[in-house]
Amino acid sequence: MFDLPRLRRHPWLREVEFHDELDSSNVRAAALAARENVACPQLVLALTQTSGKGRGANRWWSSAGALTFSLLIEPESLGLRGEQWPRTSLCAALAVRDTVAELSQADDCGLKWPNDVYHSGRKICGVLVEAPPRRSDALPRLVIGIGVNVNNSLAAAPPEVQSLATSLVDLTGRAHDLTDVLSTVVTRLAENLALLANESPALRERWQQYSLLDGRTVTVDLGPRKVTGYCLGINAQGALDLATELGVEAIHAGVVSTVSPEFRGANDE
Ligand code: BTN
């Protein structure tokens, strides 16, 4: 299923841990993060997850053929400062977007802030970045969890699921080599993180270019309150700029609860 020797030769990865089954690769990576001597970046790869984590209280369900993995990184060793960490999820989403767009040979693929990848109006990837607790004198570590629908066809799923999610096999009509897809995503993520460390304008231009919420009225749930505004795009800090009645508000974190008009794809205007 996976060519592990090839993954272990990936130039950016220092360690690869493979599991036939895990509850969640993010939970496993967080457990590794608590250890003293762990080589980072480390890939934690699960063939299947029994209890995949999504954002907030959500679960991440995926069937056989999906890619589910987490990358454990030491941000400081990669030149990333604390204020840049939240943007690592956009770096991951962009890495998947570019990989999926190339394999599907379709540009109808973009980012739903802050960390989802959509193709043809349906979700194909979710990203969950977590900062596990560490001793105050230890180097901080981040877990970047990525779930991509690759060879898990949704053709037999209920219509309501099919209208919300898609997979590479459904888009292209052929199965994809999971090692190729994973290796390409890791390479692109490594490149994006290096660009982030250097505050490269090229990186922010790309997440601005592929932002799917622009030009729509968006409501973001911030917990204590909700903000509704016309989306102007994702700014250099990775925040969502919303034009509200009170002016432009930069939203740094939150859950997008409604989008109007809903998008059916990147080219649906
Ligand atoms: C979301 O869309 O809510 C984020 C989903 C993130 C899912 C991935 S699958 C690999 C990694 N391990 C987990 O338990 N979750 C992430």
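The axes used to describe helix packing are lines fitted to C-alpha atoms over the stretch in contact, with angles taken between N-to-C directions. In this predicted model, helix α3, covering residues 88-104, packs with α6 at an angle of about 135°, their axes lying 8 Å apart. That angle makes α3 oblique to α6, because oblique is the class left for angles that are not roughly parallel, perpendicular or antiparallel, the last of these requiring a value over 145 degrees. The crossing of α3 past α6 is right-handed. On the α3 side the contact includes T88, C91, A92, A95 and T99, while among the α6 residues that take part are V181, T184, V185, R188 and L189.

Helix α6 itself runs over residues 178-197, and at 1.5 Å a residue its 20 residues should span 28 Å, which agrees with the 28 Å between its end C-alpha atoms. The helix is mostly covered, with 14 of its 20 residues buried. At its N-terminal end D177 acts as a cap, placing a side-chain oxygen 2.8 Å from the backbone nitrogen of T179, and after the helix comes E199, which has a positive phi near 50°.

A further point of interest is A165, which is found in the loop between α4 (159-162) and α5 (168-172). A165 counts as buried because its relative accessibility is 17%, and the cut-off for buried is under 20%. Its C-alpha atom is separated by 6.0 Å from that of I124, although A165 and I124 are 41 residues apart along the chain. Setting aside neighbours within four places in sequence, A165 is in contact with R122, K123, N149 and L154.

Definitions and conventions. Residues are numbered from 1 along each chain as its sequence is written. This is a predicted model: local features need pLDDT of at least 70, side-chain atom pairs count only at pLDDT 80 or more; totals for chains, interfaces and linings use all residues. Side-chain values use heavy atoms; hydrogens and water are left out. Helices (H or I, at least four residues) and strands (E, at least two) are DSSP runs, numbered from the N terminus. The expected span of a helix is 1.5 Å times one less than its number of residues. Buried means under 20% relative accessible area, exposed over 50%, partly exposed in between (1.4 Å probe, protein chains only). A polar contact is a pair of N or O atoms within 3.5 Å; within protein, one must be able to donate a hydrogen and the other to accept it, and residues adjacent in sequence count only if both atoms are side-chain atoms. Axes are lines fitted to C-alpha atoms, for helices over the stretch in contact, and angles run from 0 to 180 degrees between N-to-C directions. Angles under 35 degrees count as roughly parallel, over 145 as roughly antiparallel, 65 to 115 as roughly perpendicular and the rest as oblique. A crossing is left-handed if the near helix is turned anticlockwise from the far one by less than a right angle, and right-handed if clockwise. Contact means heavy atoms within 4.5 Å.
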